[in-house]
Amino acid sequence: MSESHDNQHAHELTNVPDPAVVNDLYADPGLPEHQWRPTDVDAHAEKRAERQVATLFGLSAICTILFLVSYFAFDIGDDPDVVGGFGASNLFLGLSLAGALLFLGSGIIQWARKLMADHEIVEYRHPAASSDDDREATLAALNAGLEESGIGRRPLVRNSLLGAVGLLGLPAVVALRDLGPTPSQVEKNADYPGAGLEHTLWAKGVRVVRDVVGTPIRPGDVEIGDLFNAEPETLFNGGEDGEPLEGLALQVGKSKGAVVMIRMAPEEIIPGEGRENWSVDGIVCYSKICTHVGCPISLNERKTHHLLCPCHQSTFDLADSGRVIFGPAARALPQLPLAVDEEGYLIAQSDFTEPVGPSFWERG
Ligand code: FES
């Protein structure tokens, strides 16, 4: 049997197409004839394209300025509804920033399509790692590209692009203002108690009540080893004016005022300096908000009086002023000083003596 007959037989058996047949069927057609663009052959068309690109960059700059104006013209929250429940602030900020990016992107695309060099190249596949020669060639091509982009020769395009890109950084800078207001400003301007980070709803004489139901607690209700989730009674009766809190005031008051209360044998308590009278018959009370990043804590180890945060396992010793004994929290759980009122219910002696929750820049 001849060799070619053997090969043909092998291809039939394995179903692998004969390379010679494939090459005949799919011969490389090569590149089609290059079509010059109007801007390559007509100086007027080139100038027109240049003006179009500059106009797009100019529109981008105008949109960025509109963004800045909108940012200062409308107060978030107090701005009028414009359409479909969108406030003027959100609407104009969104539209102007979208316009700035859209016009800038369109200008760059038009510049590349109409004015930059229009070479057709063929690039063959090669191993992933580039050789030194290839790298040098790439660098040379990059430099040639920069040269051919005409960025040096076309000051109108270059300057309008620089203006548009430069202005685009400003929205990010002015948006830094939204990191505020500072906690003390919140405290000063808010129209409900305990709005800032420094203070909570707790105050002298405020009763400690059960979470959810709001009923007051007597020391006799708390067994040794029990853990109570509790809140300030102000949440339910609104304090001096008697109006129950609602809306934002309720949410803020509840989230910052939440406490855990446990009872242990009085002799197990190691009172911190000045905290000798902060417990009642072995009952101690701490903020429920982890001082790491603010998760609510209530995993209690009865025997050790350790309170564990489920988020990152910070562990606090409730017998020892809420000291951190493990985990990433950097400071002790704030302790609420307790007392008993004339009717025998547990009350706070004062607000917390330090801010609750994670540390923040004005804490000191
Ligand atoms: S929030 Fe409690 S340990 Fe991180």
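This report walks through a predicted protein model, from its overall make-up to a few spots worth a look.

## The big picture

Let's start with the whole chain. The protein has 364 residues, and 35% of them count as buried. Its secondary structure comes to 10 helices and 12 strands.

How much of the contact network ties together residues that sit 24 or more positions apart? Among contacts with a separation of 6 or more, such pairs account for 62%. As for the outside, the accessible surface is about 22100 Å², and carbon and sulfur atoms make up 58% of that.

## Aromatic pairs

Next, the rings. A pair of aromatic rings is described by the distance of the centres and the angle of the planes. The model has 2 aromatic pairs. One of them is made by Tyr 71 and Phe 72, whose rings meet edge-to-face, with 5.2 Å from centre to centre and 80 degrees between the planes. Tyr 71 is buried, at 8% relative accessibility, while Phe 72 is exposed, with a relative accessible area of 55%.

Phe 74 and Phe 92 also form a pair, and this one is stacked: the centres are 5.5 Å apart and the planes make an angle of 10 degrees. This pair links distant parts of the chain, 18 residues apart: Phe 74 belongs to the loop between helix H4 (43-73) and strand E1 (81-83), and Phe 92 to helix H5 (residues 88-114). Are these two buried or exposed? Phe 74 is partly exposed, with a relative accessible area of 23%, and Phe 92 is partly exposed too, with 37%.

## The sheet E3 to E6

Now for the strands. Strands of a sheet pair through backbone hydrogen bonds, either parallel or antiparallel. Here, 4 strands make an open sheet in the order E3-E4-E5-E6, and the pairing is antiparallel. Strand E3 (208-210) and strand E6 (283-287) are at the edges with a single partner strand each, so each has one side without a neighbour in the sheet. On average, neighbouring strands of this sheet are turned by 40 degrees against each other, direction ignored.

You can follow the pairing residue by residue. E3 and E4 run antiparallel and are joined by 3 bridges, and Val 209 stands opposite Glu 231 in E4. E4 and E5, also antiparallel, are joined by 4 bridges. Leu 227 faces Ile 262 in E5, and Phe 228 has Met 261 in E5 as its bridge partner.

## Helix H10 and its buried side

Which residues of helix H10 are buried? In H10 (residues 247-257), they are Ala 249, Val 252, Gly 253, Lys 256 and Gly 257. They lie on the same side of H10, because they cover an arc of only 105 degrees around the axis. A bit of helix geometry helps here: an α-helix has 3.6 residues a turn, so residues three or four places apart point the same way.

What do these buried residues pack against? Their neighbours are strand E4 (227-232), helix H9 (234-237) and strand E5 (259-263). That brings us back to the sheet above, where E4 and E5 are joined by 4 bridges.

## The sheet E7 to E10

Further along the chain, 4 strands form another open sheet, this time in the order E7-E8-E9-E10, with antiparallel pairing. Strand E7 (299-301) and strand E10 (323-326) stand at its edges; each has a single partner strand, so one side of each lacks a neighbour in the sheet. From one strand to the next, the twist averages 30 degrees.

In this sheet, E8 and E9 run antiparallel and are joined by 3 bridges. Across that pairing, His 306 stands opposite Asp 317 in E9.

## The loop between E8 and E9

The loop joining these two strands is a good place to zoom in. Cys 311 is found in the loop between E8 and E9, and counts as partly exposed at 33% relative accessibility. The C-alpha atoms of Cys 311 and Val 293 are separated by 8.8 Å, although these residues are 18 residues apart along the chain.

Ser 314 lies in the loop between strand E8 (306-308) and strand E9 (315-317). Is Ser 314 buried or exposed? Ser 314 is buried, because its relative accessible area is 1%. Leaving out residues up to four places away in sequence, Ser 314 touches Cys 290, His 292, Leu 307, Leu 308, Cys 309, Phe 326, Gly 327, Pro 328 and Ala 329.

Conventions:
Residues are numbered from 1 along each chain as its sequence is written. This is a predicted model: local features need pLDDT of at least 70, side-chain atom pairs count only at pLDDT 80 or more; totals for chains, interfaces and linings use all residues. Side-chain values use heavy atoms; hydrogens and water are left out. Buried means under 20% relative accessible area, exposed over 50%, partly exposed in between (1.4 Å probe, protein chains only). The arc is that of the directions from the helix axis to the C-beta atoms. Contact means heavy atoms within 4.5 Å. Two strands pair if DSSP finds at least two bridges between them. Axes are lines fitted to C-alpha atoms, for helices over the stretch in contact, and angles run from 0 to 180 degrees between N-to-C directions. Accessible areas come from the Shrake-Rupley method with a 1.4 Å probe; for residues, only the protein chains shown count as cover. Rings of Phe, Tyr and Trp (its six-membered ring) pair if their centres lie within 6.5 Å; planes under 30 degrees apart count as stacked, over 60 as edge-to-face and the rest as tilted.
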